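Trainee: Please take me closely through a single part of this protein, and then set that part in its wider surroundings. I would like to follow the reasoning from one residue to the next.

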Amino acid sequence: MEFAERLSVPLRWWAQGTMMVATLWLALVVAVPLTLAWVVTGVAMALLSALFISYGAARVSVGDGVLQAGRAQIATEHLGAVTPLDPEAMRLLAGRDADARAFLLLRPYLKRGVRVDLDDPSDPAPYWLISSRHPDRLAAALVAATPSSRQRPGSSG
């Protein structure tokens, strides 16, 4: 494996979610029997945990000639230019400058990412936009796995 990253949710989300569930418990404990308040709070915490674990389970990896982003994967032979993006370039490409046909694996808590252009005429997506905590390392792994790719002019990093 040349690169692997899990896009797990940050600790601050867990802290805020726990505070939200604690607020729910406080509201319930004065209105319903104590046992019911604890049961509802436990269920809420379990649902919150399942949501955060599921949302943060997305993986980005490069290895064995394949780029995998979440559930999607593509052979590196179909990749073109690779561009690591700083927060501003990522914001623009995910928003104002986005192409509706692009494949996106975005996480709002990750401000940087990588744009991977595709050289596959049968693929309707012109590029993949992938959030990453380590866009430079991901881009380097993709360039190493794709000898025909080259850095886009004016790349942000």
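**A close look at helix α3**

Mentor: Glutamate 88 and arginine 91 both belong to helix α3, where 3 residues, or about one turn of the helix, lie between their positions. An α-helix has 3.6 residues a turn, so residues three or four places apart point the same way. Side chains of opposite charge can pair when their charged atoms come close. In this predicted model, the side chains of glutamate 88 and arginine 91 do meet in a salt bridge, at 2.6 Å from N to O. As for cover, glutamate 88 has a relative accessibility of 41% and therefore counts as partly exposed, while arginine 91, at 51%, counts as exposed.

The buried residues of the helix give the other half of the picture. In α3 these are Ala89, Met90 and Leu93. They cover an arc of only 100° around the axis, so they sit on the same side of α3. What do the buried residues of α3 pack against? Their partners are the strands β5, β7 and β8.

Leucine 93 shows this packing in detail. The residue lies in helix α3, which runs over residues 87-94, and its relative accessible area is 10%; buried means under 20%, so leucine 93 falls in that class. Once its neighbours within four places in sequence are left aside, leucine 93 is in contact with Leu85, Ala98, Arg115, Tyr127 and Leu129. One of these partners, leucine 129, is 36 residues away along the chain, yet the C-alpha atoms of leucine 93 and leucine 129 are separated by 8.1 Å.

The strands that meet α3 also lead to another helix. Helix α4, residues 135-145, has as its buried residues Pro135, Leu138, Ala139, Ala141, Leu142 and Ala145. These cover an arc of only 160° around the axis, and therefore lie on the same side of α4. Their cover includes β5 (79-85), β7 (113-118) and β8 (127-131), together with β1 (3-6), β2 (59-63) and β3 (66-69). Strands β5, β7 and β8 thus appear in both accounts, since they pack against the buried residues of α3 and are among the elements that cover those of α4.

Returning to the charged side chains, the pair in α3 is one of 4 salt bridges that the structure holds. Farther along the sequence, the side chains of arginine 96 and aspartate 97 meet in another, at 3.0 Å from N to O. Here arginine 96 is exposed, with a relative accessible area of 66%, and aspartate 97, at 38%, counts as partly exposed. A further bridge joins aspartate 99 to arginine 101, with the closest N and O atoms 2.8 Å apart. In that pair aspartate 99 is partly exposed, at 24% relative accessible area, whereas arginine 101 is exposed, at 53%.

The surface has a nonpolar part as well. Leu24, Leu36, Val39, Val40, Val43 and Leu47 form a nonpolar patch there, and their accessible area comes to about 480 Å² together. Helix α2, residues 34-55, gives the most to this patch, with 5 residues. Among them is leucine 36, which lies in helix α2 and is partly exposed, at a relative accessible area of 42%. On helix α1, residues 11-29, we find leucine 26, which counts as exposed at 52% relative accessibility. The C-alpha atoms of leucine 26 and alanine 37 are 8.5 Å apart, with their positions 11 residues apart along the chain.

One backbone detail also merits attention. Aspartate 64 lies in the loop between β2 and β3, and its phi is near 55°, a positive value in a residue other than glycine. This aspartate counts as exposed, with a relative accessibility of 78%.

Finally, a word on confidence. The mean pLDDT of the protein chain is 91, and 92% of its residues reach 70 or more. Over residues 149-157, however, pLDDT stays under 50, and for this stretch the model has 25 contacts beyond four places in sequence.

Key:
Residues are numbered from 1 along each chain as its sequence is written. This is a predicted model: local features need pLDDT of at least 70, side-chain atom pairs count only at pLDDT 80 or more; totals for chains, interfaces and linings use all residues. Side-chain values use heavy atoms; hydrogens and water are left out. Patches are made of residues with over 30% relative accessible area and no salt bridge: like charges are joined within 9 Å, nonpolar side chains (Val, Leu, Ile, Met, Phe, Trp, Tyr) within 5 Å. Accessible areas come from the Shrake-Rupley method with a 1.4 Å probe; for residues, only the protein chains shown count as cover. Helices (H or I, at least four residues) and strands (E, at least two) are DSSP runs, numbered from the N terminus. Buried means under 20% relative accessible area, exposed over 50%, partly exposed in between (1.4 Å probe, protein chains only). pLDDT is the predictor's confidence in each residue, from 0 to 100. Contact means heavy atoms within 4.5 Å. The arc is that of the directions from the helix axis to the C-beta atoms.
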